[in-house]
Amino acid sequence: NINPRLGDILQKLAPFLKMYGEYVKNFDRAMDMVNTCMQRSSPFKDVVQNIQKQEVCGNLTLQHHMLEPVQRIPRYELLLKDYLKKLPEESPDRKDAEKSLELISTAANHSNAAIRKMEKMHKLLEVYERLGGEEDIVNPANELIKEGHIQKLSAKNGTAQDRYLFL
């Protein structure tokens, strides 16, 4: 109560928040799997629904609880920004809180980068499926930049030919 601080604690824990990137990367797949299992397996659905009815779950679904970690880092970032707005400039917690915000923002960027990377890989897999399984396309170093219809001009007679291009 004499010298309440928050920044020093968050500063020590912030590096561990990068692990949320892995959770976020797999979130859509995990959500799809839960939904599929709920549709295909009555026993699984019954177990999940019984757990969700428990008071400790706060009348929230499993899917809602799965979403919590995805929202955690952005929530910490917003709370810390608000805390810094209200924190006096001369506060002993000011520098630690600012450093914590920097670290948490880095973790948020890491999670967002993980999401973007997975979205790009999903697009590449979609192209792979559309092309009928070209083996060389699915490579972490490859990236789908653009796709769309083009007109190819014939070198022989100058006629336009419709094509679909993947860059």
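This passage describes the nonpolar cores, helix packing, cysteines and selected residues of a predicted model.

The largest nonpolar core contains 13 residues. Among its members, Leu-17, Ile-73, Leu-80, Leu-84, Ala-97 and Ile-104 touch the most other members. Two elements, α4 (62-86) and α5 (94-130), each give two or more residues to this core. The greatest contribution comes from α5, which supplies five residues. For Ile-73, the contacts beyond its neighbours within four places in sequence are with Leu-17, Tyr-20, Ile-104, Ala-107, Ala-108 and Ser-111. A second core, separate from the largest one, is made of six residues, including Phe-27, Val-34, Met-38 and Met-66.

The packing of helices was examined next. Two packed helices are described by the angle between their axes and the distance between the axes. For α4 and α5, the angle is about 155° and the axes are 9 Å apart. Angles over 145 degrees count as roughly antiparallel, and α4 and α5 are therefore roughly antiparallel to each other. Their crossing is left-handed. On the α4 side, the contact involves Ile-73, Tyr-76, Glu-77, Leu-80, Lys-81, Tyr-83 and Leu-84. These residues meet Arg-94, Ala-97, Glu-98, Ser-100, Leu-101, Ile-104, Ser-105, Ala-107, Ala-108 and Ser-111 in α5. Ile-73, Leu-80 and Leu-84 of α4 and Ala-97 and Ile-104 of α5 thus appear both in this contact and among the core residues that touch the most other members.

Helix α5 also packs against α2 (residues 20-40). The axes of α2 and α5 come within 8 Å and cross at roughly 30°. That angle makes α2 roughly parallel to α5, because angles under 35 degrees fall in the roughly parallel class. The crossing of α2 and α5 is right-handed. From α2, the contact is made by Tyr-20, Gly-21, Val-24 and Lys-25. From α5, the residues are His-110, Ser-111, Ala-114, Ile-115 and Met-118. Ser-111 is listed in the contact of α5 with α2 and also in the contact of α5 with α4.

Two residues in these helices were considered individually. Val-24 lies in helix α2 and is buried, with a relative accessible area of 10%. Not counting residues up to four places away in sequence, Val-24 touches Val-70, Ser-111 and Ile-115. The C-alpha atoms of Val-24 and Asp-93 are separated by 31 Å, and these residues are 69 residues apart along the chain. Ala-113 lies in helix α5. Its relative accessible area is 36%, so Ala-113 is partly exposed. Although Ala-113 and Gly-21 are 92 residues apart along the chain, their C-alpha atoms are separated by 8.1 Å.

Outside these helices, Asn-59 is found in the loop between α3 (42-52) and α4. The phi angle of Asn-59 is near 60°, which is a positive value in a residue other than glycine. Asn-59 counts as exposed because its relative accessibility is 72%, and the exposed class begins over 50%.

Tyr-164 is placed in strand β2 (residues 160-166). With a relative accessible area of 35%, Tyr-164 is partly exposed. Leaving out residues up to four places away in sequence, Tyr-164 touches Arg-130, Glu-147, Gly-148 and His-149. Arg-130 is the final residue of the range given for α5 (94-130). The C-alpha atoms of Tyr-164 and Ile-150 are 6.0 Å apart in space, while these two residues are 14 residues apart in sequence.

The cysteines were also examined. A disulfide is a covalent bond between the sulfur atoms of two cysteines. The structure holds zero disulfides. Cys-37 is in no disulfide, and the nearest cysteine sulfur, that of Cys-57, is 18 Å away. Cys-57 is likewise in no disulfide, its nearest cysteine sulfur being that of Cys-37. A disulfide requires sulfur atoms within 2.5 Å, so the separation of 18 Å does not meet this cut-off. As for accessibility, Cys-37 is partly exposed, with a relative accessible area of 30%. Cys-57 counts as buried, because its relative accessibility is 12% and the buried class lies under 20%.

Terms used. Residues are numbered from 1 along each chain as its sequence is written. This is a predicted model: local features need pLDDT of at least 70, side-chain atom pairs count only at pLDDT 80 or more; totals for chains, interfaces and linings use all residues. Side-chain values use heavy atoms; hydrogens and water are left out. Buried means under 20% relative accessible area, exposed over 50%, partly exposed in between (1.4 Å probe, protein chains only). A nonpolar core is a set of buried Ala, Val, Leu, Ile, Met, Phe, Trp, Tyr and Cys residues joined through side-chain atoms within 4.5 Å. Helices (H or I, at least four residues) and strands (E, at least two) are DSSP runs, numbered from the N terminus. Contact means heavy atoms within 4.5 Å. Axes are lines fitted to C-alpha atoms, for helices over the stretch in contact, and angles run from 0 to 180 degrees between N-to-C directions. Angles under 35 degrees count as roughly parallel, over 145 as roughly antiparallel, 65 to 115 as roughly perpendicular and the rest as oblique. A crossing is left-handed if the near helix is turned anticlockwise from the far one by less than a right angle, and right-handed if clockwise.
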